[in-house]
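Colleague: Thanks for sitting down with me over this one. Could you take me through the model while I ask about whatever catches my eye?

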Amino acid sequence: MRILIQNGTLITFGSPCRVLEGHSILLEDGRIAKIAPHIEGPFDRVLDARGQVVMPGFVNAHMHFYSTLVRGLGKAEPSANFQEVLDHLWWRLDRKLSLDDVAVSAEVMLVEAIRKGTTTLVDHHASPGAVKGSLDRIARAVKQTGLRACLCYELSDRDGDRIIDEGLEENSDFAKRCAREQDPQLRALFGLHAAFTLSDRSLDRASALGRELGIGFHVHVAEAASDVAFNREHHGLSSVARLDAHGILGPKSLAGHCVHADSADMDLLARRGTFVAHNPQSNLNNAVGIASVVEMVQRGVRVGLGTDAMTVNMLEELRVGLFAQHLRQDNPSCGFMELTNSLFVRNPELASQLWGFPIGRLEEGAAADVILVDYYPPTPLDDTTALGHLVFGISQATVNTTICGGHILMEGRRLEIDVDEAALAARSRELAKGLWERF
Ligand SMILES: [Zn+2]
């Protein structure tokens with residue numbers, strides 16, 4: 001399948017983020033085969049991108065598909081702090097999830113991701129009442145919707161020894177499946193909930209197994225001050241230092257949040273080359289604080305952007321991240337490059353590293369993950385202004401067409417996949433009703 005996209009304005013992402021006016025882009029065999037002012041046919045499909053910007057699909061560095069069915073659930077008691085948010089809502093909910101809930105939750109979020117132009121998602125899954133086979137069910141939804149996802153099961157001692165064993169096995173089984181199949185849509189990390197819910201023994205077992213499998217870890221780190229306080233009190237180390245002591249950090253690993261990482265933690269994260277996923281909307285919502293992205297970047301930490309399931313709209317998350325950083329630093333002029341780099345440079349680096357080929361940039365040889373967004377620039381759009389347009393203009397525009405791996409998943413805002421959106425939502429509502437009754 002040779003698809004030509006012509007007459008659009010290309011925004012490449014990456015560093016530097018370039019604007020290519022009057023260029024066409026050829027997609028072939030799942031990759032970007034050519035970018036040039038004029039490309040010779042024949043083609044199987046030609047997409048006219050007049051009045052549109054052509055960009056790479058977005059990467060979401062930290063996601064929880066399983067949280068879909070909580071939308072509108074009003075039964076949780078009010079929470080006074082982060083631990084109560086977990087106790088009153090998330091840990092009550094995830095224990096009750098069935099495999100069908102897990103599958104439908106993922107499918108709904110993946111369809112939303114297509115609509116928002118997010119083509120790669122790094123997910124972190126928990127369903128302690130239905131561990132075995134949960135990642136395969138999510139993977140099936142990923143295959144059906146045509147996107148890319150990196151999956152893991154979050155290991156935690158909060159549900160007892162049997163669930164720890166099942167969690168180790170689920171991570172291992174799925175990682176082995178990924179290694180065997182080499183499916184360009186699927187990748188695996190080893191999931192851990194957070195240092196404050198994991199014993200030394202469980203961390204060591206996971207660390208040994210992850211090393212044997214040759215994969216990095218995906219873990220929540222220093223999300224709330226209470227996480228750091230717990231680890232200091234019971235283990236004499238910060239959350240970051242304790243995870244490092246068990247061999248969890250490293251260049252393949254992904255640390256979600258790091259809101260309460262201090263300067264020494266940041267230096268350690270930088271030395272280990274660990275990716276950090278910043279999730280500002282979730283951090284604001286849970287009132288846990290805002291990470292100093294400015295200091296992390298200054299100290300050499302690779303900071304990307306996730307949503308923690310608050311949205312799949314990456315430009316929305318970026319805007320909130322920028323505004324939250326202004327408030328955090330008490331400075332309305334700081335953090336623009338740090339935040340925009342997290343989405344347009346670091347997230348593509350993370351995806352490229354996980355998948356083993358370039359993802360998230362418009363360049364020859366990169367994955368054919370491309371979106372077309374309806375946008376007439378009202379001010380000059382060029383290399384020097386592209387980031388401003390993305391944050392303040394394109395973030396408000398509509399994704400028209402989404403392509404992943406060279407397959408058109410949505411065109412002219414119509415889904416082109418084998419999913420009936422209305423029927424999916426109806427099924428999801430039915431499952432949500434059952435889950436809310438069990439909650
Ligand atoms: Zn999370």
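Colleague: How are the donor residues of the zinc ion spaced in sequence?
Modeller: This is a predicted model, where local features need pLDDT of at least 70, side-chain atom pairs count only at pLDDT 80 or more, and totals for chains, interfaces and linings use all residues. Residues are numbered from 1 along each chain as its sequence is written, and side-chain values use heavy atoms, with hydrogens and water left out. Donors here are N, O and S atoms within 2.8 Å of the metal (3.2 Å for Na, K and Ca), and sites may look incomplete because water is not among the atoms. With that in hand, the spacing of the zinc donor residues reads H-x1-H-x155-H-x87-D.

Colleague: Which residues coordinate the zinc ion, and at what distances?
Modeller: His62, His64 and His220 each offer NE2, and Asp308 offers OD. The pair His64 and Asp308 links distant parts of the chain, 244 residues apart. His64 sits in the loop between strand 6 (58-63) and helix 1 (82-95), and Asp308 in the loop between strand 14 (302-305) and helix 11 (314-329); helices (H or I, at least four residues) and strands (E, at least two) are DSSP runs numbered from the N terminus. So, to your question: His62, His64, His220 and Asp308, at 2.0 to 2.2 Å.

Colleague: What geometry does the site of the zinc ion have?
Modeller: Four donors count as tetrahedral if all angles lie between 85 and 135 degrees; four count as square planar and six as octahedral if opposite donors are over 155 degrees apart and all others between 65 and 115, and anything else is irregular. The angles among the four donor atoms of the zinc ion run from 88 to 166 degrees. The site is therefore classed as irregular.

Colleague: Is Asp308 buried or exposed?
Modeller: Buried means under 20% relative accessible area, exposed over 50%, and partly exposed in between (1.4 Å probe, protein chains only). Asp308 also has a positive phi of about 55 degrees although it is not a glycine. Its relative accessibility is 12%, so Asp308 counts as buried.

Colleague: And Asp330, buried or exposed?
Modeller: Asp330 is placed in the loop between helix 11 and helix 12. Asp330 has a positive phi of about 55 degrees without being a glycine. At 72% relative accessibility, Asp330 is exposed.

Colleague: How many disulfides does the structure hold?
Modeller: A disulfide is a pair of cysteine sulfur atoms within 2.5 Å. For Cys404, the closest cysteine sulfur, in Cys150, is 14 Å away, too far for a bond; Cys404 is buried, with a relative accessible area of 2%. The count of disulfides is zero.

Colleague: What is the volume of the largest pocket?
Modeller: On a 1 Å grid over the protein atoms alone, a pocket is an open set of points with protein on both sides within 12 Å along at least five of seven lines, a cavity is a set where a 1.4 Å probe fits but cannot get out, and lining residues have an atom within 4 Å of a point. Grid points are joined across faces, edges and corners, and a volume is the space filled by probe spheres set on the points. For the largest pocket this comes to about 820 Å³.

Colleague: Which element gives the most to the lining of the largest pocket?
Modeller: Helix 1, helix 2 (99-116) and helix 9 (280-285) each supply at least two residues of that lining. The lining divides into 17 nonpolar, 14 polar and nine charged residues, where Ala, Val, Leu, Ile, Met, Phe, Trp, Tyr, Cys and Pro count as nonpolar, Asp, Glu, Lys and Arg as charged, and the others, Gly among them, as polar. The top contributor, with eight residues, is helix 1.

Colleague: Which element gives the most to the lining of the second largest pocket?
Modeller: The second largest pocket has a volume of about 320 Å³. Of its 15 lining residues, the closest to the centre are Arg187, Ala188, Gly214, Ile215 and Leu354. With four residues, the element that gives the most is helix 4.

Colleague: How much space lies in the largest cavity?
Modeller: There is one cavity of 30 Å³ or more. Its lining includes Pro128, Tyr153 and Glu154, and divides into five nonpolar, one polar and three charged residues. The space in the largest cavity is about 40 Å³.
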